[in-house]
Amino acid sequence: MCCESKRRFLLLYATQKGQAKAIAEEIWQQAGAHGLEADMHCISEMDKYNLETEKDPVVIVISTTGTGDPPDTARKFVKKIQDKTLPPDHFAHLQYGLLGLGDSEYMFFCNGGRTVDRRLQELGAQHFYDTGLADDCVGLELVVDPWIDGLWLALKEALQLQKEKEGMNSAVDAVSSSISTAPHAVHELKLSSEVQNLKLEDEGAKASDILSQKLDDINLVAAARDTEPSLVHSVPPVSQSALNIPALPPEYIEVEFQDTQGENPHLSSLISEGTTFEVPVTKAVQLTREDAIKTALLLELDIADTAFQYQPGDAFCVICPNHVSEVEELLHILGLSEKGDDFVCVKVKQGTKKKGASRPQHVPERSTLRFILTWCLEIRAIPKKAFLRALVECTSDVGEKRRLQELCSRQGASDYTCFIRDSNVCLLDLLHAFPSCKPSLSLLIEHLPKLQARSYSVSSSNLYQPGRLRFVFNVVEIPAGPSRPVSRRGVCTGWLAELVAPLLHPSKNSLHTKRESSSTEKISIFPRPNNAFHLPADPSVPFIMVGPGTGISPFIGFLQHRQKLREQHTHWEFGETWLFFGCRHRDRDYLFKQLQCFLENGTLTHLKVCFSRDSSTAEVAPPKYVQDVLRLCAKEVARVLLKERGYFYVCGDKKHMADDVSDAIVDILSMEMEADKLEAMKILAMLREAKRYLQDVWS
C-alpha cells in the first residue's frame, strides 16, 4: 500500500523491448523526492488497477512496435478501450499524461501511444499534462528528460485540483505548500523530437535525481594533444563542467552459485508471445555471388509436422543466441570463465529499495551462467544512461570513472549520442574502452534487456509449397570503428550463416551456380502475423510491388500464391501485377532470376528491374533505382492506383528506399492529376488510411 504521507498517482507502462519499463522505473524512483508515490504496473496487469474507478492522475509510458502497433503487453488493454459500445463519457473522470516512444524512421511514428491517447480522449479523459512523443531515431532522452522534469509540477497541480474538488481546501500539506511557492506554469509543452525545439539547459541541481560532481574532486589525466573528443576522452566544455548525473539505480538482483546439476530451461519458456516451434532447416541457398557487396541467403524450414500457419506477407521470429566468442569474452572479463557451466539461482535482493522488484521474466530462476549470457540477455544492446551510471561505481580508474560520469550526464548528452548511441557501442566495447570497469553479474542482469527474437518476412506460400516456409536475409556485417575495436556480424544473421555454412557447398565450375544442400539443423521460431500486408481479398484487383534487394522476399510468396490460385481457379478474373525490383549488379545480386518464369506463365504481368552499380554504354543512362523506374511508369502507376483502385506494396530499407518511393508516388500523383504536391500528399495519406498503400520496412 502507498505511504499515507505521500500523494499517489497511477503509473502504467506498456513495453516491447524494455525501454518503456525502464523510463517508468525512472519516474517511480524520482517520485518520492517530490513528495509523491507512484503506484506502478505493467498495463497488461489489469487485475491490479481499474481506470473505470481511478480518481488519481494516471501517467502512461507506451512504446510502439511492428508497423505502428501497440506493444504486445498493451494488446488486451487497447482491445478493451476500443470497445465501440463504450459511451463518450466513459473516462470523463480520468486525468492522465502520456509519454509515447517511437522511431521516426518508421511511417507510423509513436502510433502505439497515439492510438491510446486518441481513444482515451474520445472516451472523455482529460490531459493534466501534454503528451510527449520521444524519437529513438535521434535519442529518446531528448524528449524523455524534459518531459519528466515538467511532470512533477503538473502532477502536483492536478492533485491539488483534485483535493479542492473533494472539498479539502483547508488541508495544507507538502503538496499545497510546494504549489503555493511555485510559479504558475502552463503544461502544454508541445514536446516533439525536433532538437531545435528543446531547451535542455540545466535548471540547477536537484538533490533527488542528480548529483553535482565538481571538477576539483578528481584528478584528470589527459594528453594536451587530444583535442578531439572520443569514447574515452572529452574536451571542453564537457571536460571542465560540473556534472549533473542520474541518481544511482537501486540494486535489486542477487545471484547465487549452486553446486547442484540439472538441465537448462527450454527456449520456449523464454518467449511470452505464444507457441514456439522447433523446426529443421531443410535447405540453404546463397543467392548472391562471392564478389557481391552483401551476402544474401535463402533458408527453407520444414513446418509440415507443426501447427505453424502463415499467409504470404506475414512475418515470423527466430529465437537466436549471442555469439559464443562474445559470451566467452564476457565471462573472461567478469572473471567467471571457469564457472560458465555452473548453475546459478537468480532472485530479488533482500531489502532492495526498488519498488515492486522482481526477477526479470526473461531470466530463468535457475540455469547455467552460460545459458543466461547466451540466450537471455541482449549483450549487444546499446547501454542506457542508467547502466552507465551504475558502471561508474564498478570503475576504479579515476579518469575512466569521470568519463563514464560525463557520458551519462546532462552536459555529456551529445557525447553519449555520438560515441555510444550512434556508434552502436555495446557492453563489451565499453569494457574494452574502460578496462578498470568490473561489473558484477547481478548488475548485468539488472540492466541488460531481453535478447529479442529477430523478425523476418516469409518468402513463400503454403499453397505453393505445403509444409515449407522460406525466408531471405542479408548477413549483416558491422565494421570496426573508433568506438568498436572489432568487426562483428548481426546477432541472428551471423548465427544463421554459421549454422548453415557446412550446407553451402560452393561450385567451382561457375560463379552463377546457386549453392544448396539439405540439413538436420533445427531452429526455434514463432509466428508474427502481419495484420495488413497481405494480397487483396479480391483477386481481380491489380497491385504493384516494390521490393529492391531482400525487400523482394514477401513478393515471392505473393507470386507463388497467385500462381497456385490461377491454376486452381481458371474461371476467376485476376488483376494485373507489377513488380519493381532493383539491386547493385545484374550478375552478382539479382536474387531471384526465376521471376522471368512468373512473367512467362502470366502470374506476373509487368517486371521492371534496375541495377544501380552496373555501367552502361547507352546514350540515355538507364534508371538506377526503383523510384526512378516508377517515375518512368507514371501513367500506369497512377492508373492502377486511381482508376482501378489497386494496391501498392513497398518492402525493404526505410531510410534509403521507402521514403524515396513515397516521394516518387507523390510526384506521380501530382503530375498525373495535375494537382499541387499538397493535394497529392493528401491522396497518398488516403491510400494509406484505406490500407491500399502498405509498407513492410526496416531501418
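The secondary structure of the protein chain, in this predicted model, comprises 20 helices and 25 strands. The chain has 699 residues, and 52% of them count as buried. Its accessible surface amounts to about 32,700 Å², with 50% of that area belonging to carbon and sulfur atoms. Among contacts with a separation of 6 or more, 79% are between residues 24 or more positions apart.

Confidence should be considered before individual sites are discussed. The average pLDDT of the protein chain is 87, and 88% of the residues reach a score of at least 70. Residues 168-176 have a pLDDT under 50 throughout, and the model gives this stretch 10 contacts beyond four places in sequence. A pLDDT below 50 also applies to residues 506-519, a stretch with 29 contacts in the model beyond near neighbours in sequence.

Two helical positions may be examined next. T115 belongs to helix α3, which spans residues 111-122. The relative accessible area of T115 is 12%, so this residue counts as buried, the cut-off being 20%. A polar atom of the T115 side chain lies 2.7 Å from the backbone oxygen of N111. When residues up to four places away in sequence are set aside, T115 touches V78 and Q82.

The second position, E326, is placed in helix α6, residues 324-333. With a relative accessible area of 7%, E326 is buried. Leaving out residues up to four places away in sequence, E326 touches I379, R380, L428 and R488. One of these partners, I379, is 53 residues from E326 along the chain, and the C-alpha atoms of the two are separated by 8.5 Å.

The aromatic residues offer another route through the model. A search of the whole structure yields 23 aromatic pairs. One of them is formed by Y456 and F473, whose rings lie 5.9 Å apart centre to centre with 55° between the planes, a tilted arrangement. This pair links distant parts of the chain: Y456 is in strand β15 (residues 454-457) and F473 in strand β16 (residues 468-474), with their positions 17 residues apart in the count along the chain. Both Y456 and F473 are buried.

W572 and F574 also form a pair; because their ring centres are 6.1 Å apart and their planes meet at 40°, the pair is classed as tilted. The assignment follows because planes under 30 degrees apart would count as stacked and those over 60 as edge-to-face. The two members differ in exposure class: W572 is partly exposed, at 35% relative accessibility, whereas F574 is buried, at 18%. The threshold of 20% falls between these values, which is why the classes diverge.

F574 also takes part in an arrangement with a charged residue, as R566 lies over the face of its ring at 6.0 Å from the ring centre. A further arrangement of this kind involves K339, which lies over the face of F257 at 4.8 Å from the ring centre. Elsewhere in the list of aromatic groupings, F533, F543, F555, F558, Y647 and Y649 form one cluster.

Technical notes. Residues are numbered from 1 along each chain as its sequence is written. This is a predicted model: local features need pLDDT of at least 70, side-chain atom pairs count only at pLDDT 80 or more; totals for chains, interfaces and linings use all residues. Side-chain values use heavy atoms; hydrogens and water are left out. Helices (H or I, at least four residues) and strands (E, at least two) are DSSP runs, numbered from the N terminus. Buried means under 20% relative accessible area, exposed over 50%, partly exposed in between (1.4 Å probe, protein chains only). A polar contact is a pair of N or O atoms within 3.5 Å; within protein, one must be able to donate a hydrogen and the other to accept it, and residues adjacent in sequence count only if both atoms are side-chain atoms. Contact means heavy atoms within 4.5 Å. Rings of Phe, Tyr and Trp (its six-membered ring) pair if their centres lie within 6.5 Å; planes under 30 degrees apart count as stacked, over 60 as edge-to-face and the rest as tilted. A charge sits over a ring if NZ of Lys or CZ of Arg is within 6 Å of the ring centre and within 35 degrees of the ring normal. Accessible areas come from the Shrake-Rupley method with a 1.4 Å probe; for residues, only the protein chains shown count as cover. pLDDT is the predictor's confidence in each residue, from 0 to 100.
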